[in-house]
Amino acid sequence: VGPLEFVCKAVPQCTFVPIDYRPGGGGPPNPPAWDLIRPGVGDNFIQAIYPVPDWEYNRIDAPAKLWTSSVASSGGGVQLAQELANDMLLMDPVPDFIYGWIPGALPGYNGVALSVPGVAAVGNTEPIRHQRTFAHEVGHLFGLFHNTSQIGTAGLDVEHHLNITESLPMLQPTNKNDIMVAGLLTNQAFVRPASYNFFAGNSALDCAAPDGADDGERLIVSGLFDHATHALTLTDTLVVDGGRQSKFVPLEEADVVLQAFDGETALAQLGISTRSSADSCPECGGNADEEGGGTTLGGFAAALPTSVQPDEVERIEISLGAGGPVLLTLDRSEHAPVAGSFTVGTGTASWEASDADGDALTAYVRYSPDGERLVPLASGVLGTQAQFDATSLAAPEPGGYFELLVSDGLHTTAVRTAVAAEGGGGNPPMVGLLSPDTGFTFPEGATVILHSSGWDIEDRSLTGASITWSSDLDGALGTGRVTAVADLSVGTHTITVTATDSSSSTASDSVTIEVTARELPGLGTCQTDLGFGGPGSSVLEVCGGDLSTGTTADVSLSGAAPSAAAFFMVGFTQNPTSLLGGTIIPVPPAVVVSATTDAGGSVTLPSAVTGGGATTIYMQAAYLDAGQPQGVGISNAVQVDLLP
């Protein structure tokens, strides 16, 4: 196929936020159903079509977000997405994307991306379309606009993710619409090659550290802009420590240009795109589409580079494009706000704040469980009190604190109050089994992909040995969020994935699948077990082809000590000899091959024996095991017959 270039691909992170949606305020909590937004359901379309083996889709480590404005009104979804983008900049570390799930079906509205490309979007949870809407809006965040194309080639949902919730087949017909066609149901879309390749080459998947992710204070400026009337409103201006610089556009491509001044000296001139996915969708009007009819309202949440030191900024001007008229000017007042009496109880934060200049004050409350990570609990508060769901927070550790930020515009006053470490294990981890689904059937010898999520509110992403897989028939199957097996025994299996956090708390998820028998010519022969095993309870097997010319067999050791040095001995004579507390058969060995067992005490040498004979060899394994009297465990011996 010609020269190939192998490149590192990162695991992108999308933090999702349940929206407690109560238009007009009041009433009982109204969050989206967890079973529609959890990993393995809400992100199934993403898992089916995006060119990554895994991605981090996790619930925000903070309470559900209360939203009392209507998102079905013109620009309502843009306003929510803009506030989520602002909340994202208050996090540390900052995820790649943030997505808000609004409960239920909303007439005339499905979702919207704040900008194209961008970082924030929202969508509803109508079951017949919500998975496609999510993938569509994330497509906008990657940088794709709408198209009217069909996929034009057969699509393959390799892990059959779209079985839930829509019972769709693995094979997608060529007349399916591309994911970026507007106004579709989940069963009407897949991904065309051009869109797939765009995702694969996108900078969001680069392994390099995100641009502008560094320490230091940075100024955040957020607002809403009406493209029709040119009305501009600042919603948030404040200073935070750390975070990540926003991506700005060339001045000639900007809808608005933000300039920061120290006196008359320009400190920065930054281009900002404020066009949401609604702006690029004239066909969406009145179509109950995901963009809600094509609003002219756009938004932005911009974190300035740390090279612009906030205490040097005396004035901000925002103009209409490069060289256009100034739409808004914000000057630094003489005095910073005074904040104090910051107290936090169970689910309530209260404080006192004043400003000698009489400026209007806006407050923000953040929580750090460990003195490093930060999540917003309340944003844009105009009063002196905020309520939050304390049960959704990570357990406090030494150095943890609550933080109050009070802003009058270009001054921000920060106050912290320490939170006592609780000790103990904190919250249990969260794990979801994404593939396979319950009820699936596989023929004997088929590859079964094992795919899960893994998240802990204290430890964050769980990967590697923190995720273990097992079968009630075959025992340990492997580790990691994504792995595969092709040797499940015939029968009904309960497949279980278990996540373990740093405090040894666990959580599990299980499915039941069926493996049916089938003929596997030349692939199912195991060589003769001669016995002689022990000390220890390890088992040596040589299985695969019949070892005629052109066939191979795997050599596998199971039941040994975990993470131990193992030695495979091969000889041409059967000469039982007492040694190391057991009996060694191939004495003297002609070949010794070393390996290391995994955490389950197993190791496999794939295709280690090749056919072609006729001759007979003898194999046995030994391994270091401190639990045995002489520190060594010995497997059974196997007679291996090589055929012509």
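# Close-up views of a predicted protein model

**View 1. S452 is a buried residue of strand β27.** With a relative accessible area of 0%, S452 is buried. The coordinates shown here and in the other views come from a predicted model. S452 belongs to strand β27, which covers residues 448-456. Setting aside residues up to four places away in sequence, S452 touches D54, V431, G432, L433, L434, I467, W469, R481 and V497.

**View 2. I102 is a buried residue of strand β4.** The relative accessibility of I102 is 0%, so this residue counts as buried. I102 is part of strand β4, residues 97-102. Which residues are in contact with I102, leaving aside its neighbours within four places in sequence? They are I19, Y21, P32, V71, L80, Y109, V122, G123, N124 and T125. For one of these residues, V122, a C-alpha separation is also available: the C-alpha atoms of I102 and V122 are separated by 7.2 Å, and the two residues are 20 residues apart along the chain.

**View 3. Helix α3 is largely enclosed by the rest of the structure.** Helix α3 consists of 14 residues, 76-89. At 1.5 Å a residue, the helix should span 20 Å, and its end C-alpha atoms are 21 Å apart, which agrees. Is α3 largely enclosed or largely exposed, and why? Twelve of its 14 residues are buried, so the rest of the structure largely encloses α3. The buried residues are G76, G77, V78, L80, A81, Q82, L84, A85, N86, D87, M88 and L89. L80, listed here among the buried residues of α3, is also one of the contacts of I102 in View 2.

**View 4. Helix α4 is followed by a residue with positive phi.** Helix α4 runs over residues 130-142 and has 13 residues. From its first C-alpha to its last, α4 reaches 18 Å, close to the 18 Å expected at 1.5 Å a residue. Of the 13 residues of α4, 13 are buried, so this helix is largely enclosed by the rest of the structure. Just after α4 comes G143, where phi is positive, at about 125°.

**View 5. C8 and C207 form a disulfide.** A disulfide is a covalent bond between the sulfur atoms of two cysteines. How many disulfides does the count come to? The count is two. In the one shown here, the sulfur atoms of C8 and C207 are 1.9 Å apart. The link of C8 and C207 is left-handed, with -80° about the S-S bond. The pair links distant parts of the chain, 199 residues apart: C8 is in the segment before β1 (13-21), and C207 is in the loop between α5 (193-200) and β11 (217-226). C8 has a relative accessibility of 54% and so counts as exposed. C207, with a relative accessible area of 36%, is partly exposed.

**View 6. C526 and C543 are joined by a disulfide.** The S to S distance between C526 and C543 is 2.0 Å. The link of C526 and C543 is right-handed, with 110° about the S-S bond. This pair also links distant parts of the chain, 17 residues apart: C526 is in strand β34 (residues 525-526), and C543 is in strand β36 (residues 539-544). C526 counts as partly exposed, at 46% relative accessibility. C543 is partly exposed as well, with a relative accessible area of 22%.

**View 7. C14 is a cysteine in no disulfide.** The nearest cysteine sulfur to C14 is that of C207, 18 Å away. A disulfide needs sulfur atoms within 2.5 Å. Is C14 buried or exposed? At 1% relative accessibility, C14 counts as buried.

**View 8. The whole chain gives the setting for the close-ups.** The protein chain has five helices and 45 strands. Its C-alpha atoms fill a box of roughly 95 × 60 × 50 Å, taken along the principal axes. Of the 644 residues in the chain, 52% are buried. Among contacts with a separation of 6 or more, 66% are between residues 24 or more positions apart. The accessible surface of the chain is about 26300 Å², and carbon and sulfur atoms account for 52% of that surface. The chain has 21 positive and 71 negative side chains, and the centres of the two sets lie 5 Å apart.

Note on methods. Residues numbered from 1 in each chain as written. Predicted model: local features only at pLDDT ≥ 70, side-chain atom pairs only at ≥ 80, totals over all residues. Heavy atoms only, no water. Helix = DSSP H or I, 4+ residues; strand = E, 2+ residues; numbered from the N terminus. Buried < 20%, exposed > 50% of the residue type's maximum accessible area, 1.4 Å probe, protein only. Contact = heavy atoms within 4.5 Å. Areas by Shrake-Rupley, 256 points an atom, 1.4 Å probe, with all protein chains shown as cover. Lys, Arg positive; Asp, Glu negative; His and termini not counted. Charge placed at Lys NZ, Arg CZ, Asp CG, Glu CD. Expected span 1.5 Å × (residues − 1).
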